[in-house]
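Work through the exercises below with the sequence and the model open side by side. Each task is followed by a solution that proceeds step by step.

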Amino acid sequence: MTAFARPVGPRSLATRRAVAEAGTEVLRGVLEEDGARLLLLVPDPHARFAAVELAAPFAASVLDDGYGVCSYVFAWTPSRDPLPESGVLGGYLDGFGDLRVRPDAATAIPLGDRTWAVVCDAEWPSGQAAELAPREVLRGRLAALEGLGLVPSVGIEHEVVFLDAAGAPLTSHGADYAVGGTERLAPLLSDVRTALHEAGLGVESARAECHPGQYEVVLRHRDALAACDDVLLQQLLVRRVAARHDVTASYLAAPFPGQGNSGHVHLSLSTVDGSPPDLLGGFLAGVLRDARALTAVWAPTWNSYVRLRTAPFSPREVRWGHDDRTASVRVAGPPSDPRLEFRFAGADAQPHLVVAALLAAGRFGLEEGLTPPEPGTPAGSLAGSPWEALSTMDRVGELLGPDVAAQLTALLTEEIESGLDTVTDWQRRRGALRS
């Protein structure tokens with residue numbers, strides 16, 4: 001349906017709202033059919049969806065009235081336990097009341113069997129937006145950038161490793177750009193292509209990657225909200241298809257030692273009046289300056305820091321270069337229309353927060369008139385551990401707001417505490433060497 005098409009290129013927030021309004025009426029008609037179902041999806045802080053499935057005829061009414069979802073979805077651990085209650089998180093945990101989620105019809109995709117999925121915004125009963133919702137964080141940074149007359153276009157590359165029932169990769173070797181040697185992947189990938197095509201997500205390319213069992217499917221560039229929503233929808237579909245093949249689709253940042261699943265972000269800017277934006281000046285300089293401070297966004301898990309040791313293609317060193325995949329920021333595309341590829345984040349990072357962080361840091365660089373160093377010149381490094389990342393939260397508060405900084409602090413602290421409460425195979429092997 002054209003109402004739910006993902007057009008290539010940038011869209012302003014106002015344009016998106018108009019598309020959502022038109023799509024709501026189309027979706028309403030679909031959901032009034034007998035047997036129709038609606039899957040409400042809310043992006044959480046762990047790069048996944050909280051979900052509620054509704055059946056007709058009630059599903060259609062939710063387009064107007066919204067639906068309740070427990071507020072702790074923005075204040076829970078990966079295992080869906082509440083985070084320790086403190087500060088801003090208290091409002092999300094006190095009494096475990098409902099937030100109202102409202103479908104954004106511009107995100108709707110068909111899942112088959114008369115079921116539609118739609119990504120939702122979240123608000124308090126008062127109607128105030130839920131400040132910790134990743135979509136709301138991103139929307140705020142988009143609005144601030146539009147205040148400068150700029151609208152971004154974003155493409156996100158997420159790498160995935162396919163594992164068999166025994167936990168082994170579906171290829172025993174790296175298959176970068178290969179056709180031969182990927183035969184075991186072929187039936188699965190055929191079904192993945194079909195699922196993504198039928199959902200209308202607009203795939204640009206797909207290829208085998210450099211590590212065993214690794215693959216990458218890239219959606220075409222689009223407005224920032226759509227790019228972040230759609231890469232999570234893509235993960236949802238890929239995991240569902242993989243499960244039908246008795247395969248696990250792993251988006252772990254470091255699926256094995258020395259290997260990484262990345263979540264690279266390609267970003268370009270457009271101006272309202274058509275003049276060329278300062279993408280390679282202030283915007284780039286702002287991101288380079290704040291890259292270390294934002295490490296907790298790029299690397300939200302203990303495992304993320306294993307990936308950051310897999311250089312040169314997951315570099316900790318902060319520098320930029322022209323068409324240089326060993327640089328943490330790669331300038332790609334023709335000189336007349338360059339784009340920036342930000343290579344900081346792993347596939348486990350929350351995409352809405354990643355893009356929000358890039359836009360916030362770049363905007364500050366533009367407003368302050370910063371100048372980037374020469375290409376290839378180191379400009380510092382990302383934090384090398386979760387402990388180091390926690391020490392930069394004051395700057396995160398300036399870029400993404402104090403509430404988000406408090407949320408990220410609680411999430412990363414809980415990650416560290418959980419890791420310290422765990423006995424791993426590595427610890428057992430290490431201990432055996434001492435006996």
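**Exercise 1.** Determine which helices cover the buried residues of helix H12, and how far H12 is enclosed.

*Solution.* The cover of the buried residues of H12 includes helix H4 (134-146), helix H7 (279-290), helix H8 (295-298), helix H10 (351-367), helix H11 (386-390) and helix H13 (402-420), where helices are DSSP runs of H or I with at least four residues, strands are runs of E with at least two, and both are numbered from the N terminus. The model is a predicted one, in which local features need pLDDT of at least 70 and side-chain atom pairs count only at pLDDT 80 or more, while totals for chains, interfaces and linings use all residues. Residues are numbered from 1 along each chain as its sequence is written, and side-chain values use heavy atoms, with hydrogens and water left out.

Next, take the burial itself, for which buried means under 20% relative accessible area, exposed over 50%, and partly exposed in between (1.4 Å probe, protein chains only). In H12, residues 393-400, 6 of the 8 residues are buried, so the helix is largely enclosed by the rest of the structure. Those buried residues are Met393, Arg395, Val396, Gly397, Leu399 and Leu400. Finally, look at what follows H12: Gly401 comes after the helix, and its phi is positive, near 100°.

**Exercise 2.** Find where Arg363 lies, decide whether Arg363 is buried or exposed, and list what it touches.

*Solution.* Arg363 belongs to helix H10. With a relative accessible area of 14%, Arg363 is classed as buried. Leaving out residues up to four places away in sequence, Arg363 touches Ala144, Leu145, Leu148 and Phe283, a contact being heavy atoms within 4.5 Å.

**Exercise 3.** Describe the largest pocket by its volume, its lining and the strand pairing around Glu341.

*Solution.* Begin with the terms: on a 1 Å grid over the protein atoms alone, a cavity is a set of points where a 1.4 Å probe fits but cannot get out, whereas a pocket is an open set with protein on both sides within 12 Å along at least five of seven lines, and lining residues have an atom within 4 Å of a point. Grid points are joined across faces, edges and corners, and a volume is the space filled by probe spheres set on the points.

The largest pocket holds about 850 Å³ of space. It is lined by 40 residues, of which Glu157, His266, Arg325, Arg330 and Glu341 are the closest to its centre. Two or more lining residues come from each of strand E7 (150-163), strand E8 (203-208), strand E9 (214-219), strand E12 (263-271) and strand E15 (339-342). By class, the lining divides into 12 nonpolar, 15 polar and 13 charged residues, with Ala, Val, Leu, Ile, Met, Phe, Trp, Tyr, Cys and Pro counted as nonpolar, Asp, Glu, Lys and Arg as charged, and the others, Gly among them, as polar.

Now turn to the pairing, which requires that DSSP find at least two bridges between two strands. E12 and E15 run antiparallel and are joined by 3 bridges, with His266 opposite Glu341 in E15. Strand E14 (residues 329-332) also pairs with E15 in the antiparallel sense, over 4 bridges, and there Arg330 stands opposite Glu341. E14 and E15 form a hairpin with 6 residues between them, and Gly333 in the turn has a positive phi of about 90°.

**Exercise 4.** How many cavities of 30 Å³ or more does the structure hold, and which elements line the largest cavity?

*Solution.* The structure holds 4 such cavities, and the largest cavity has a volume of about 50 Å³. At least two residues of its lining come from each of E7, helix H5 (186-199), E9 and helix H6 (224-244). Its lining has 8 nonpolar, 2 polar and 1 charged residues; among them are His158, Leu189, Glu216 and Tyr251.

**Exercise 5.** Locate two residues other than glycine that have a positive phi, and classify their exposure.

*Solution.* Asp113, with a positive phi of about 55°, lies in the loop between strand E5 (109-112) and strand E6 (115-123), and Asp113 is exposed at a relative accessible area of 60%. Asp323, with phi near 50°, sits in the loop between strand E13 (320-322) and E14, and its relative accessibility of 52% counts as exposed.
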